Amino acid sequence: MPIDENGKGYSEGTGYKEKIFEEFLVWQFPRLKRVKEQYDYQSHIYLDMTCGSGIVPKSNGKYGSPLIALDCIRRFGMNFNEVRFIDKNPGNIANLTKILGPNKYGICADNNDAIVSILEKYNHNHRLQYLKGIIYFDYNGIPDFDLISEIAELCPTLDILIYLPATAIKRRNGAFPEYEKTLVEYVSKINKENWIVKLNDCPDNMVKKWQWSFLFGSNYQGIKDYKSKGWYLINTEQGKIIIDKLNNKKGSCND
Ligand SMILES: C[S@@+](CC[C@H](N)C(=O)[O-])C[C@H]1O[C@@H](n2cnc3c(N)ncnc32)[C@H](O)[C@@H]1O
């Protein structure tokens, strides 16, 4: 995948990714809003841990994940206690600031460092234990599963969205035996009981080859999948077929 000057990859599949991402927020925000209205004393946060520059490169100004999220936050009147967009690349945060003007959202830091100061604020009176909302990870490649697992341990009721290239995990396994976990093994170490999978269904061959996909993890027992849009709980018949393809060496999304 080509990488632009600020370290952000782009491809035809990115447009599909952003569309699916928006669809996800439009699906999940109303549920979160209802929970917040019911338990107003609990804190809700929205964190984009790898936010990019706000604009999809070479897309004629199409919104990237932070701007899509802000738009949905306004549209649905979300009452988050905190919204943060984190990127380690200063050019990306500078660009985001140029678009948004002075704001409290952007943080230029490695997300391993940024998360410590964010969660610190909720680390009293069991607030971390009940911290709700969404934390989004969209690296250019394999996610930092150690970081994701640590956060999930600290924040069992915070929902997690991950965008990842499953093929890259299989290839790394083949090349470096010390990274011997499969996707399912990584995911099963994250403290989320329910996982929903959605393939990036862009017809582009590179997207299929790398098996770019979303995984959404939640401990909310009432969580439902969204079959008509291709989001399947991984323990359902269709979800199992997809997660097996993403997990197994021979699984291909061109099948
Ligand atoms: C694929 S881009 C994110 C795109 C964004 N989600 C969107 O849809 O517009 C990945 C970004 O993650 C950032 N990144 C990678 N590792 C990071 C880390 N450890 N901490 C913070 N940012 C990181 C990169 O600088 C890059 O901008």
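A residue counts as buried if 20 or more other C-beta atoms lie within 10 Å of its own, as exposed if 12 or fewer do, and as partly exposed in between, with C-beta atoms placed from the backbone. The model is predicted: local features need pLDDT of at least 70, side-chain atom pairs count only at pLDDT 80 or more, and totals for chains, interfaces and linings use all residues. Residues are numbered from 1 along each chain as its sequence is written.

**Exercise 1. Locate Asn125 and His126, decide whether each is buried or exposed, and give the sign of phi.**

Step 1. Asn125 sits in the loop between α4 (111-120) and β4 (132-137); helices (H or I, at least four residues) and strands (E, at least two) are DSSP runs, numbered from the N terminus. His126 belongs to the loop between α4 and β4 as well.

Step 2. Asn125 is exposed because it has 8 C-beta neighbours inside 10 Å. For His126 the count is 9 other C-beta atoms within 10 Å, so it is exposed.

Step 3. Most residues other than glycine have a negative phi. Asn125, not a glycine, has a positive phi of about 50°. His126, also not a glycine, has a positive phi of about 60°.

**Exercise 2. Describe how α1 packs against α2.**

Step 1. Helix α1 covers residues 12-38 and helix α2 residues 65-76; they pack at an angle of about 35° with axes 10 Å apart. Axes are lines fitted to C-alpha atoms, for helices over the stretch in contact, and angles run from 0 to 180 degrees between N-to-C directions.

Step 2. The crossing of α1 past α2 is right-handed, that is, the near helix is turned clockwise from the far one by less than a right angle.

Step 3. On the α1 side the contact includes Phe21, Leu25 and Phe29, and on the α2 side Ile68, Cys72 and Phe76 are among the residues met. Two residues are in contact if their C-beta atoms, placed from the backbone, lie within 7 Å. By class, this contact has nine nonpolar, one polar and three charged residues. Ala, Val, Leu, Ile, Met, Phe, Trp, Tyr, Cys and Pro count as nonpolar, Asp, Glu, Lys and Arg as charged, and the others, Gly among them, as polar.

**Exercise 3. State how many residues surround the ligand and how they divide by class.**

Step 1. The ligand is surrounded by 19 residues, each with its C-beta atom, placed from the backbone, within 6 Å of the molecule.

Step 2. The closest are Thr50, Gly52, Gly64, Ser65 and Asn111.

Step 3. The shell around the ligand has three nonpolar, ten polar and six charged residues.

**Exercise 4. Place Lys250 and Gly77, and give a C-alpha distance for each.**

Step 1. Lys250 is in the segment after α9 (237-247). It is exposed because 8 other C-beta atoms lie within 10 Å.

Step 2. From Lys250 to Lys170 the C-alpha distance is 9.4 Å, at 80 residues apart in sequence.

Step 3. Gly77 lies in the loop between α2 and β2 (82-87). With 8 other C-beta atoms within 10 Å, Gly77 is exposed. Its C-alpha atom is 34 Å from that of Gln211, 134 residues apart along the chain.

**Exercise 5. Summarise the fold as a whole.**

Step 1. The protein has nine helices and eight strands.

Step 2. Of its 255 residues, 38% are buried.

Step 3. The radius of gyration is 17 Å, which agrees with the value near 18 Å for a compact globule of 255 residues; it is taken over C-alpha atoms, and the globule rule is 2.2 Å times the number of residues to the power 0.38.
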